[in-house]
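Colleague: I am new to this one. Could you walk me through the terms people use for it?

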Amino acid sequence: MDQCVSVGIVMGSASDLPIMSAAADVLDQAGIPFEITIVSAHRTPERLMQYGRAAHKRGLSVLISGAGGAAHLPGMLASLTPLPVIGVPILSANSLHGVDSILSILQMPAGVPVATVGLNNAKNAALLALRILGVANVEIRQQQIDHLMLQQEAVLSSLSKVESPRWTHQQPIPPGAFSTTDPQ
Ligand code: C2R
């Protein structure tokens with residue numbers, strides 16, 4: 001894989017690392033060079049401006065940004081950079097059940113897009129970043145195709161846990177139930 005850093009992972013606080021490390025794990029496994037740091041719109045506003053303005057000039061392609069509570073970081077980054085920003089709402093200690101983080105990242109004004117993943121779902125943020133990179137990179141796209149296949153195989157190999165006879169009135173799934181041709 002090209003060794004130029006292509007994904008920036010930024011979080012509002014070191015306390016976000018246990019969640020955000022899942023994004024780093026996915027990128028690491030995929031062999032994608034990334035950087036990871038703390039930037040806070042609230043606590044380090046100048047650092048935010050510098051990072052947001054320079055990211056694309058430094059060769060980054062996608063930003064993953066996690067924050068909890070009044071989570072302004074992903075939106076503020078998106079206001080400074082032309083790069084795609086993926087926001088990860090975090091259930092932080094100061095959060096109201098994560099709802100504040102979700103809404104702060106999700107409900108952006110028109111004109112400043114942030115792609116928002118589920119609460120604490122840094123893994124999906126990294127997978128989405130890989131899909132974005134995969135648009136222009138066949139190798140990364142193939143990795144995502146392989147990932148989907150592996151995921152499907154894992155589900156199919158677990159069918160017996162659910163389908164094995166257990167209840168009196170349980171019927172077996174008929175062979176044609178998942179046929180791709182229309183039974184009509
Ligand atoms: P501390 O644990 O440091 O008090 O942080 C962080 O992302 C973290 O989840 C608590 C939470 O505050 C968040 N934070 C933001 C921003 N900066 C820090 N939401 C920001 O600029 O949006």
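Modeller: What follows takes the terms one at a time, for a model that is predicted.

Colleague: What makes S1 and S2 a pair?

Modeller: Pairing takes at least two bridges. S1 (residues 7–11) and S2 (residues 34–38) are joined by 5 bridges, so they pair, and they run parallel. One bridge partner is easy to find: Gly 8 has Glu 35 in S2.

Colleague: Which strands stand at the edges of the sheet, and why?

Modeller: The sheet is open, with 5 strands in the order S2-S1-S3-S4-S5 and parallel pairing. S2 and S5 (115–116) each have a single partner strand, so one side of each lacks a neighbour in the sheet.

Colleague: How do you know that S3 and S4 pair?

Modeller: Again, the cut-off is at least two bridges. S3 (residues 62–68) and S4 (residues 85–90) have 6 bridges in the parallel sense, so they pass. Ile 64 stands opposite Ile 86 in S4. Helix H4 (residues 99–106) packs on the sheet and touches S3, S4 and S5. The direction of H4 makes about 165° with that of S4.

Colleague: What makes a right-handed β-α-β unit here?

Modeller: The unit consists of S1, helix H1 (residues 17–30) and S2. It is called right-handed because, with the strands pointing away from the viewer, the path from S1 over H1 to S2 runs clockwise. H1 lies across S1, S2, S3 and S4, at about 170° to S1.

Colleague: How is the packing of H1 and H5 described?

Modeller: Two packed helices are described by the angle and the distance between their axes. For H1 and H5 (residues 122–134), the angle is about 35° and the axes are 7 Å apart. Their crossing is right-handed. Residues of H1 in the contact include Ile 19, Val 26 and Leu 27, and those of H5 include Ala 122, Lys 123 and Leu 130. By class, this contact has 12 nonpolar, no polar and 1 charged residues.

Colleague: How many residues surround the ligand?

Modeller: The count is 20, and the closest are Gly 12, Ser 13, Ala 41, Gly 68 and Ser 92. The shell divides into 8 nonpolar, 10 polar and 2 charged residues.

Note on methods:
Residues numbered from 1 in each chain as written. Predicted model: local features only at pLDDT ≥ 70, side-chain atom pairs only at ≥ 80, totals over all residues. Helix = DSSP H or I, 4+ residues; strand = E, 2+ residues; numbered from the N terminus. Contact = placed C-beta atoms within 7 Å. Axes fitted to C-alpha atoms, helices over the stretch in contact; angles between N-to-C directions. Near = placed C-beta within 6 Å. Nonpolar A, V, L, I, M, F, W, Y, C, P; charged D, E, K, R; others polar. Left-handed = near helix turned anticlockwise from the far one by under 90°.
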